[in-house]
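The following exercises ask the reader to work from coordinates to structural statements. Each task is followed by a solution in steps.

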Amino acid sequence: MDQTSLRDWESRCIQEEPPRCQAACPLHVDARAFLEHAAQGRWREARGVLERTMPLPGVLARLCEAPCEAACLRREAGGTIAVGALERACAALSVPAADPRPLPGRGLRAAVLGGGLAALTVAWDLAKKGHAVTLAGWLEDGEKRGDGSDAPAGEAGEAGEADGAARMAAAGRLAAIPPDVLPPDALRKELDRLAGLKVRFAAPVAPTAAVLEEMRAAHGAVFVAWSPAAARALGLPDRSRCDALTLAHPDLPGVFCGGWPADGVAGAARCIDEAADGRHAATSMDRHLTGVSLSAGRERQGPFETRLFTSLEGVQAMTPVALPALPPAGQGAGGLAPEAAKGPDTPDFPYREEASRCLQCQCLECVKVCPYLEKYGEYPKKHARRIYNNLAIVKGVHQANRFINSCSLCGLCGTVCPTGFDMAPLCHEARRTLVHDGKMPPSTHEFALDDMAFSNGPHAALLRAPAGAQACAWLFLPGCQLAASAPDRVAQAWGILADRLSGGTGIALRCCGAPALWAGRDDLAAAAAEELRDGWNAMGRPTLVVGCPSCATTLRTLLPDLPQTMLWSVLAEYGVAGQTTPAPEALTLHDPCAARGDERLRTTVRGLLAARGVSVHEPDLTGPHTECCGYGGLMAEADPALARTVIQRRADASDLPFVTYCAMCRDRLAEAGSPASHLLDLLLPPLPGGNPDPAAPGPHITARQENRARLRDRLLREVYGETPPDAAPDAVREAALRIGPDMRVVMERRRILDDDLRGVIAEAERAGRYFIDTDTGMRLACLRRVRVTHWVGYEPEPGGAGNGAGGDAVPVHAIRQAYAHRMVLPQGPPAGGWKESPHEPAYLPASGNWTCACGGAPRPLSVELTYLGSTFNVRLLTCPDCGQVLVDEALALGKMLEVEQLLEDK
């Protein structure tokens with residue numbers, strides 16, 4: 001991802017767009033933040049919000065006409081919030097913040113001619129930016145200068161501070177506003193703050209061409225405030241003749257105008273518009289003085305249409321609060337109770353109640369429906385920057401790896417987003433980049449990719465035309481998870497298709513490549529797709545009948561030229577007979593996330609359920625807005641806890657049992673405690689042993705692989721008349737494991753297969769390499785296979801089980817512990833002999849009385865651990881005779897795992 005792509009992604013997210021009130025304000029005052037503080041009675045903080053944006057806030061807060069109210073979204077749910085009244089209340093209930101501090105001076109001079117809010121705002125803004133500002137109000141017609149002379153402007157009063165007459169001239173019409181609206185003290189304080197910014201109040205001047213030219217000669221930029229006299233004497237252009245963006249005079253370079261009346265002739269302008277004129281002119285003057293573009297980056301100057309979307313779904317109407325007369329100015333400085341003591345009896349209570357009606361407008365539509373975005377906080381625009389920064393790291397820790405890999409890639413965020421921002425392509429491309437750059441953590445997707453390899457390997461895969469044929473018109477691809485979860489249903493469905501469809505129906509037991517695609521492993525995904533293409537070509541290019549929505553979407557990506565139809569469409573067209581059990585009267589339908597964009601499929605499924613007499617309950621998020629089960633995108637591999645949260649939330653969405661047409665969705669819903677049926681269980685005839693219990697969880701990971709292998713073997717025997725080759729008649733399988741339900745859950749979450757345990761035990765018993773806890777009799781052994789070291793705590797049970805290859809009894813082992821790590825342990829004693837190294841950290845078992853099967857006495861010794869090129873010297877319990885090293889469960893899943901993940905993220 002480059003900077004251009006990043007900016008494109010960021011621009012799609014509208015969460016940081018201003019609310020409608022702020023966008024409608026000519027000065028862009030953050031009314032949302034102001035109201036948030038006001039609702040809590042934090043008037044000092046509320047005033048701080050005004051002071052960050054408003055010029056002369058003690059004045060303008062009392063005079064603002066609040067154009068934001070017309071744009072307020074709350075008007076559609078009870079009535080507009082009285083922002084103007086709350087600003088006036090804030091001015092009365094709080095004291096000014098610390099005086100603003102100007103930037104360091106830059107030796108640039110500006111003049112402001114005339115009075116009123118436009119002129120005062122120009123002086124305020126330019127002085128804060130460090131410019132030397134001279135402010136001279138207009139003399140009334142026929143009035144002499146403040147010092148009684150006709151001296152040139154700017155000379156009088158230089159020996160001291162500006163006198164009251166100069167300040168009142170600069171105040172313009174503000175000085176005539178009734179005191180109950182604008183207390184004289186409030187105006188005086190803001191003029192004092194201007195003086196504190198080193199604005200020089202010069203004696204009032206007459207609006208003549210000579211004065212204007214004098215000011216232009218002495219200053220780098222000049223602002224001319226509109227007044228009737230100035231308009232006549234100087235021939236000031238009206239607003240339409242000045243540059244609408246910069247307010248530059250059309251004929252006089254360096255001169256800027258503002259403060260025109262509302263009707264363009266004589267009526268008074270709105271105060272907020274006068275201030276906006278002053279701000280826009282000050283921006284132009286600052287740019288003119290510093291020699292930068294007057295127009296660049298000002299597209300959203302003044303009121304504009306915001307892109308922010310805020311849903312009113314679920315928002316209750318609230319009528320405006322009747323507000324009392326304003327409290328006396330300054331009452332809030334010492335008369336209000338502390339925040340913690342605020343209640344309905346405090347003077348500000350009605351104002352707080354009115355402010356609390358604010359919706360605090362924001363979008364966050366994606367965060368509302370996505371536990372992934374909710375867990376990791378923030379919103380897509382920030383996540384795009386986070387991903388960009390993560391990918392840009394050359395040396396250091398990639399802290400966003402887990403975030404990138406935890407997205408389910410389901411697309412729900414893009415569906416609910418008003419602009420279609422979808423995290424799925426962003427995260428998927430980031431995964432591909434991590435893989436390409438060799439930065440993808442090895443452990444993240446390893447189990448899923450190994451499981452895919454098993455599905456497409458010699459023990460589970462079957463890609464053939466019908467028995468006795470070389471070609472066929474149809475090819476049934478049920479999906480590897482349906483074969484793993486319900487192998488008997490797969491065999492039954494294939495038989496029905498073979499009976500219903502003319503031209504013959506072949507079978508494709510294999511994985512479509514989705515795990516590799518999700519993991520960013522384009523190479524593995526392409527290889528899986530090409531194997532399927534080769535078989536498809538060999539069978540005469542049949543139409544695929546796909547039983548899994550994820551397979552369907554994956555194949556549309558990897559093999560878009562292969563014709564396909566969904567199993568459900570075939571069943572809807574050709575029908576199914578033989579259902580002897582009544583269907584439930586009502587079920588909640590869970591659409592798999594892969595069906596989000598397939599309206600035809602979703603409609604077909606609902607038609608099938610209606611034909612079976614099932615009343616379908618739709619959860620809040622359904623159809624194109626359906627939720628993921630936590631399996632998609634390999635979320636369960638990258639963040640298992642998040643995946644459990646995702647499916648639990650879905651399971652809790654209905655009190656009715658579920659029905660779905662994805663095997664993994666069904667299994668995960670049942671695992672989360674919600675009974676769920678696969679659609680095939682409702683449509684097809686009952687199985688010989690009866691239909692599955694909807695409340696039963698799906699098979700564990702070992703059973704899933706075994707089911708695939710058994711399905712392949714069954715079809716080879718029953719359909720093709722072949723004897724399947726022995727899967728693994730070696731000592732690895734010549735052992736029976738007794739695994740309790742709690743241990744089965746542990747193995748499931750740690751992605752440990754039964755064969756992993758059998759391999760460890762077989763090697764330990766063959767070589768006599770294991771530790772013994774003499775307190776319990778448990779043996780503890782390990783074996784490294786490829787990239788992972790598996791540890792098994794087991795106890796041999798007396799007797800045997802008749803499960804051997806020849807029917808003989810085989811050993812039975814009760815499993816007590818099962819864990820793994822990726823660090824590499826030393827093999828045997830070091831060449832230079834063992835070292836005690838008491839200065840090295842020691843990680844010893846917290847319990848157990850350990851001996852070694854070789855007869856040695858284990859003791860803490862220095863060993864060298866390695867992983868991803870890094871080496872660590874620590875003391876572990878080690879047999880000095882045979883060199884066995886003991887890594888207990890707490891170490892493997894604690895400090896060792898922490899270091900492994902840190903190294904993988906580098």
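The exercises below concern a predicted model.

**Exercise 1.** Determine the strand order of the five-stranded open sheet, and describe how helix α23 is placed on the sheet.

Solution.
- Step 1. The five strands follow the order β6-β8-β7-β9-β10, with mixed pairing.
- Step 2. The edges are β6 (462–464) and β10 (564–566), each of which pairs on one side only.
- Step 3. On average, neighbouring strands of this sheet are turned by 25 degrees against each other, direction ignored.
- Step 4. Strands β7 (residues 474–477) and β8 (residues 505–509) run parallel and are joined by three bridges. Within this pair of strands, Leu475 has Gly506 in β8 as its bridge partner.
- Step 5. Helix α23 (residues 487–500) packs on the sheet and touches β7, β8 and β9 (543–546). The direction of helix α23 makes about 155 degrees with that of β8.

**Exercise 2.** Classify the ring pair Trp568 and Tyr661, and state which parts of the chain the pair ties together.

Solution.
- Step 1. The model contains eight aromatic pairs.
- Step 2. For Trp568 and Tyr661, the ring centres are 6.4 Å apart and the planes stand at 75 degrees. Centres within 6.5 Å make a pair, and planes over 60 degrees apart count as edge-to-face; the pair is therefore edge-to-face.
- Step 3. Trp568 belongs to helix α27 (residues 567–574), whereas Tyr661 sits in the loop between β13 (658–660) and α31 (663–671). The pair therefore ties together parts that are 93 residues apart in sequence.
- Step 4. Trp568 and Tyr661 are both buried.

**Exercise 3.** Identify the aromatic cluster that contains Phe403, and state which residue lies over the face of Phe403.

Solution.
- Step 1. Phe403 forms one aromatic cluster with Tyr372 and Tyr376.
- Step 2. Arg386 lies over the face of Phe403, at 4.7 Å from the ring centre.
- Step 3. Another such placement is that of Arg464 over the face of Tyr720, at 5.0 Å from the ring centre.

**Exercise 4.** Is Gly623 buried or exposed, and with which residues is Gly623 in contact?

Solution.
- Step 1. Gly623 lies in the loop between β12 (615–617) and α29 (635–638).
- Step 2. The relative accessible area of Gly623 is 5%. Since buried means under 20%, Gly623 is buried.
- Step 3. Leaving aside neighbours within four places in sequence, the contacts of Gly623 are Asp591, Arg596, Arg602 and Arg606.
- Step 4. Gly623 and Cys593, 30 residues apart in sequence, have their C-alpha atoms 8.7 Å apart in space.

**Exercise 5.** Describe the salt bridge of Arg193 with Glu51, then that of Lys368 with Glu365, including their burial.

Solution.
- Step 1. Side chains of opposite charge can pair when their charged atoms come close. The structure holds 61 salt bridges.
- Step 2. The closest N and O atoms of Arg193 and Glu51 are 3.0 Å apart. This pair links distant parts of the chain, 142 residues apart: helix α10 (residues 184–196) holds Arg193 and helix α4 (residues 43–53) holds Glu51.
- Step 3. Arg193 has 5% relative accessibility and counts as buried; Glu51, at 12%, is also buried.
- Step 4. Arg193 and Glu51 belong to a network of salt bridges with Arg47, Asp99 and Glu190.
- Step 5. Lys368 and Glu365 meet at 2.6 Å, N to O. Both lie in helix α15 (residues 365–369), three residues apart, about one turn of the helix.
- Step 6. Lys368 is partly exposed at 47% relative accessibility, while Glu365 is buried at 14%.

Terms used
Residues are numbered from 1 along each chain as its sequence is written. This is a predicted model: local features need pLDDT of at least 70, side-chain atom pairs count only at pLDDT 80 or more; totals for chains, interfaces and linings use all residues. Side-chain values use heavy atoms; hydrogens and water are left out. Two strands pair if DSSP finds at least two bridges between them. Helices (H or I, at least four residues) and strands (E, at least two) are DSSP runs, numbered from the N terminus. Axes are lines fitted to C-alpha atoms, for helices over the stretch in contact, and angles run from 0 to 180 degrees between N-to-C directions. Contact means heavy atoms within 4.5 Å. Rings of Phe, Tyr and Trp (its six-membered ring) pair if their centres lie within 6.5 Å; planes under 30 degrees apart count as stacked, over 60 as edge-to-face and the rest as tilted. Buried means under 20% relative accessible area, exposed over 50%, partly exposed in between (1.4 Å probe, protein chains only). A charge sits over a ring if NZ of Lys or CZ of Arg is within 6 Å of the ring centre and within 35 degrees of the ring normal. A salt bridge is a side-chain nitrogen of Lys or Arg within 4 Å of a carboxyl oxygen of Asp or Glu.
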